[in-house]
Every structure is written in structure tokens, then in C-alpha cells.
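Subject: Structure for you to look over

Dear colleague,

I am handing over the structure below, and I would be glad if you could read it alongside my notes. They follow the order in which I would look at the parts myself.

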Amino acid sequence: MKLEKTVTINASEKVVLQRITRFMTQEGYRSSSDSNPFRFERGSALGSLISFNPKGWQTQAHVQLSENGGITN
């Protein structure tokens, strides 16, 4: 399943990255790539099979910045 959401914000890329990282960490995500700071994941493949809690399901989040200040994830 792929879910997309667009958010418009007027802030620098550095501020946006800090906000995204803080939010994703609070939600249980971890950064999944050193080269791309806008890629996060949580859960596990096994959790997707046996966990009744959605936070245990394997999930990936990719965030893209656009030039007009909107964020798509």
C-alpha cells in the first residue's frame, strides 16, 4: 500500500529536516540511510506477520522536498 500526503511549509531545509526527524523518532521510526536523511523505517518483516499493533508492522517513509516549500511523503 502506498499513501501520499502533501504539506506546505515556509521554512529552510535544515529546519524541515529537524522537524521531520524529531516527529519520526517520536513515532518510533529510525533513519534507514546515512546518504538520504529523508528515509525512515520501523517495525520488522516478522512483526508484519505476527504483530496486532500497527507500530510493529514493517513500514518505510520517504520524504521529498519540493522547491516551492511543500513536502511530500
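Asn36 is partly exposed, with a relative accessible area of 27%, and its place is in the loop between strand 2 and strand 3. Please bear in mind throughout that this is a predicted model. The C-alpha atom of Asn36 lies 9.3 Å from that of His62, although 26 residues separate the two along the chain.

His62 itself belongs to strand 4 and is likewise partly exposed, at a relative accessible area of 35%. The side chain of His62 makes a polar contact, at 2.9 Å, with the side chain of Arg39, a residue on the uncovered face of strand 3. His62 is also 9.7 Å from Glu4, C-alpha to C-alpha, with their places 58 residues apart in sequence. A second pair with that sequence separation of 58 residues is Leu3 and Ala61, whose C-alpha atoms are 9.5 Å apart. Leu3 is found in the segment before strand 1 (6–8), and with a relative accessible area of 67% Leu3 is exposed.

As for the sheet around these residues, three strands form an open sheet in the order 2-3-4, and their pairing is antiparallel. Strand 2 (30–31) and strand 4 (59–62) are the edge strands, and because each has a single partner strand, one side of each is left without a neighbour in the sheet. Strand 3, which covers residues 39–42, is joined to strand 4 by four bridges, whereas strand 2 and strand 3 pair over two bridges. In general, the strands of a sheet pair through backbone hydrogen bonds, in either a parallel or an antiparallel manner.

Which residues of strand 3 lie on its covered face, and which on its uncovered one? Phe40 and Arg42 make up the covered face, while Arg39 and Glu41 make up the uncovered face. This fits the general rule that side chains in a regular strand alternate between the two faces of the sheet.

On the uncovered face, Glu41 deserves some attention, as Glu41 stands opposite Gln60 in strand 4 and is also the bridge partner of Arg30. Glu41 and Arg30 are joined through their side chains as well, in a salt bridge whose closest N and O atoms are 3.7 Å apart. This pair links distant parts of the chain, with Glu41 in strand 3 and Arg30 in strand 2, 11 residues apart. A search of the whole structure finds one salt bridge. Both partners are partly exposed, Glu41 with a relative accessible area of 26% and Arg30 with a relative accessibility of 43%.

On the covered face, what is the nearest side chain of opposite charge to Arg42, and how far away is it? The answer is Glu27, at 4.6 Å, and Arg42 is buried yet has no salt bridge; the cut-off for a salt bridge is 4 Å between a side-chain nitrogen and a carboxyl oxygen, so a pair at 4.6 Å does not qualify. The side chain of Arg42 does, however, reach the backbone oxygen of Glu27, at 2.6 Å. Leaving aside neighbours within four places in sequence, the contacts of Arg42 include Glu27, Gly28, Tyr29 and Arg30, and also Pro54, Lys55, Trp57, Gln58 and Thr59.

Finally, some figures for the chain as a whole. The chain has two helices and six strands, and from the N terminus on its elements run β-α-β-β-α-β-β-β. Of its 73 residues, 18% are buried. The chain exposes about 5,800 Å², of which carbon and sulfur atoms supply 52%. Among contacts between residues at least 6 apart in sequence, 30% join residues that are at least 24 apart.

With best regards

How values were computed:
Residues numbered from 1 in each chain as written. Predicted model: local features only at pLDDT ≥ 70, side-chain atom pairs only at ≥ 80, totals over all residues. Heavy atoms only, no water. Pairing = 2+ DSSP bridges. Buried < 20%, exposed > 50% of the residue type's maximum accessible area, 1.4 Å probe, protein only. Lys, Arg positive; Asp, Glu negative; His and termini not counted. Polar contact = N/O pair within 3.5 Å; in protein donor to acceptor, adjacent residues only side chain to side chain. Contact = heavy atoms within 4.5 Å. Areas by Shrake-Rupley, 256 points an atom, 1.4 Å probe, with all protein chains shown as cover.
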